[in-house]
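Dear colleague,

Please find the structure below, handed over for your own work. My notes on what was found in it follow directly after.

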Amino acid sequence: MLLVVTYSQAARATLRNVCQSHETVVVRRFGRAALFAATELGAFLALRLRAKHGGDVQLSQTEPFNEFTEVDEEIREAAMAYEARDSPSTPYAKFATGTDYPSPERMRDREL
């Protein structure tokens, strides 16, 4: 997918118009940003926005995130357990202390 982020009012207006005119290309819209399908038309529309607004439009290519192939099971389990914790105000570092769940320090430096 192609991520289009706009940084000016004029670019946002053009993005809004493009999204309304080409609904089949728009995967998702987030206010000042949108995801376009990775098609030639999606690329054309993204490049057209940048040609019109220059640096006020940022383009990036994204890939879907598959948690089951890219994240170790212990991280997925830690996230599920943390969201199911009894006290919602407990910070993760305190929650993980004394458990088999990874610490924030350990996860911070490990790449996927």
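I begin with strand β3, which comprises residues 33–36 and is covered on both of its faces. Ala-33 and Leu-35 are buried on one side, and Ala-34 and Phe-36 are buried on the other. Please bear in mind throughout that this is a predicted model.

Strand β3 has two pairing partners to report. With β1, strand β3 pairs in the antiparallel sense, over four bridges. Strand β2, residues 26–29, also runs antiparallel to β3 and is joined to it by three bridges. Within that second pairing, Arg-29 is the residue that stands opposite Ala-34 of β3. The connection between β2 and β3 is a hairpin with three residues between the strands. In its turn, Gly-31 has a positive phi of about 75°.

On the β1 side, Leu-3 deserves a separate paragraph. Leu-3 belongs to strand β1, residues 2–6, and stands opposite Leu-35 in β3. Is Leu-3 buried, partly exposed or exposed? Its relative accessible area is 23%, and because the buried class requires a value under 20%, Leu-3 counts as partly exposed. Leaving aside residues up to four places away in sequence, Leu-3 touches Ala-33, Ala-34 and Leu-35, and also Gln-58, Leu-59, Ser-60 and Thr-62. As for Gln-61, it lies 58 residues from Leu-3 along the chain, and the C-alpha atoms of the two are separated by 6.0 Å.

Turning to the chain as a whole, the secondary structure consists of six helices and four strands. Their order along the sequence is β-α-β-β-α-β-α-α-α-α. Among contacts with a separation of 6 or more, 53% are between residues 24 or more positions apart.

The overall dimensions may be of interest for your set-up. The radius of gyration of the chain is 20 Å, whereas a compact globule of 112 residues would have one near 13 Å. Along the principal axes, the C-alpha atoms fill a box of roughly 55 × 30 × 25 Å.

Regarding the surface, 29% of the 112 residues count as buried. The chain exposes about 7,900 Å², of which carbon and sulfur atoms supply 51%. There are 14 positive and 16 negative side chains, and the centres of these two sets lie 13 Å apart.

With kind regards

Terms used. Residues numbered from 1 in each chain as written. Predicted model: local features only at pLDDT ≥ 70, side-chain atom pairs only at ≥ 80, totals over all residues. Heavy atoms only, no water. Rg over C-alpha atoms; globule rule 2.2 N^0.38 Å. Buried < 20%, exposed > 50% of the residue type's maximum accessible area, 1.4 Å probe, protein only. Contact = heavy atoms within 4.5 Å. Areas by Shrake-Rupley, 256 points an atom, 1.4 Å probe, with all protein chains shown as cover. Lys, Arg positive; Asp, Glu negative; His and termini not counted. Charge placed at Lys NZ, Arg CZ, Asp CG, Glu CD. Pairing = 2+ DSSP bridges.
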